[in-house]
Amino acid sequence: MNVLGISGSLRHDSHNTKLLRAAARELPPGVTFEILDGLRDVPAYDEAREGDPQPAPGRRRREAIGSADALLFATPEYNSSIPGALKNALDWVSRPLATNPLRSTPVAVVGASPGPFCAAWAQAQPRKLLAALGSRVVDGDAALRHAHPNIAAAAASSHDTARAHTHAT
């Protein structure tokens, strides 16, 4: 099984990208996990360009999503919503609607936030959008509040476990 992780953040080392990396470490053997980069390279969606060849960054996202068996989105919350860059990328991938690669694909949405509200509103919006596009969306919230200390603690624990394993062998 091939799982594709998609971060809604433009920052390379964002809380949500770290959350995807942490999720990758928890997968069972035989499951591959790749994080899709290049969100910042996707041009603004333009319906007038639908008949044209899709811009390369949009086409690459579409192909990567089409080859995945499942998707895991991790999104921050900006102004009680998903980041514009993530919505824009989903607009490109969703066209044409009847043959979009999100259709019938299992999808889960998680979010990390430095605050106490866990990006809850931002998680609800892509679940609604992805369901409308035909994805099989896992229902329910999976949020990490106060992300910075929690992710730092998880990374330290993972590092300690790896170090203990190295010393034991």
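Mentor: A salt bridge is a side-chain nitrogen of Lys or Arg within 4 Å of a carboxyl oxygen of Asp or Glu. Keep that in mind as we look at this predicted model.

Trainee: Happy to! What makes the contact of Asp 13 and Arg 21 a salt bridge?

Mentor: Set the value against the cut-off. The N to O distance between these side chains is 3.0 Å, and the limit is 4 Å, so the pair qualifies.

Trainee: And how do you know that Lys 18 and Asp 13 form a salt bridge?

Mentor: Their closest N and O atoms are 4.0 Å apart. The definition asks for within 4 Å, so the pair is counted.

Trainee: Why are Asp 13, Lys 18 and Arg 21 not called buried or exposed?

Mentor: Buried needs a relative accessible area under 20% and exposed needs over 50%, so values in between are called partly exposed. Asp 13 has 43%, Lys 18 has 26% and Arg 21 has 29%.

Trainee: How many salt bridges does the whole structure hold?

Mentor: The search finds three. One of them joins the side chains of Lys 87 and Asp 91, at 2.6 Å from N to O.

Trainee: Where do Lys 87 and Asp 91 sit relative to one another?

Mentor: Both belong to helix α3, residues 84-93, and they are four residues apart, which means a separation of about one helical turn. Lys 87 is partly exposed at 34%, while Asp 91 has 19% and is called buried because the cut-off is under 20%. As for Asp 13, Lys 18 and Arg 21, salt bridges with shared partners join them into one network.

Trainee: How many aromatic pairs does the search find?

Mentor: It finds one. The partners are Tyr 45 and Trp 92, with ring centres 5.1 Å apart and planes at 75°.

Trainee: Why is the pair of Tyr 45 and Trp 92 called edge-to-face?

Mentor: Two checks are needed. Centres must lie within 6.5 Å, and planes over 60 degrees apart count as edge-to-face. With 5.1 Å and 75°, Tyr 45 and Trp 92 meet both.

Trainee: What makes this pair a link between distant parts of the chain?

Mentor: Tyr 45 lies in the loop between β2 (32-36) and α2 (56-67), whereas Trp 92 is in helix α3, 47 residues apart. Trp 92 has a relative accessibility of 2% and counts as buried, because that value is under 20%.

Trainee: Which residues line the largest cavity?

Mentor: Its lining is made of Ile 6, Arg 61, Ile 65, Phe 73, Leu 86, Ala 89, Leu 90 and Val 93. The volume of the largest cavity is about 40 Å³, and the structure holds one cavity of 30 Å³ or more. Helix α3 gives the most to the lining, with four residues.

Trainee: How does the lining of the largest cavity divide into nonpolar, polar and charged?

Mentor: Seven residues are nonpolar, none is polar and one is charged. Arg 61 is in the lining, and Arg counts as charged.

Trainee: Phe 73 is in that lining. What is its bridge partner in β4?

Mentor: That partner is Val 109.

Trainee: How do you know that β3 and β4 pair?

Mentor: Strand pairing takes at least two bridges. Strand β3 (residues 70-74) and β4 have four, in the parallel sense, so they pass. Strand β4, residues 106-112, is mostly covered, with six of its seven residues buried.

Terms used. Residues are numbered from 1 along each chain as its sequence is written. This is a predicted model: local features need pLDDT of at least 70, side-chain atom pairs count only at pLDDT 80 or more; totals for chains, interfaces and linings use all residues. Side-chain values use heavy atoms; hydrogens and water are left out. Buried means under 20% relative accessible area, exposed over 50%, partly exposed in between (1.4 Å probe, protein chains only). Helices (H or I, at least four residues) and strands (E, at least two) are DSSP runs, numbered from the N terminus. Rings of Phe, Tyr and Trp (its six-membered ring) pair if their centres lie within 6.5 Å; planes under 30 degrees apart count as stacked, over 60 as edge-to-face and the rest as tilted. On a 1 Å grid over the protein atoms alone, a cavity is a set of points where a 1.4 Å probe fits but cannot get out, and a pocket is an open set with protein on both sides within 12 Å along at least five of seven lines; lining residues have an atom within 4 Å of a point. Grid points are joined across faces, edges and corners, and a volume is the space filled by probe spheres set on the points.
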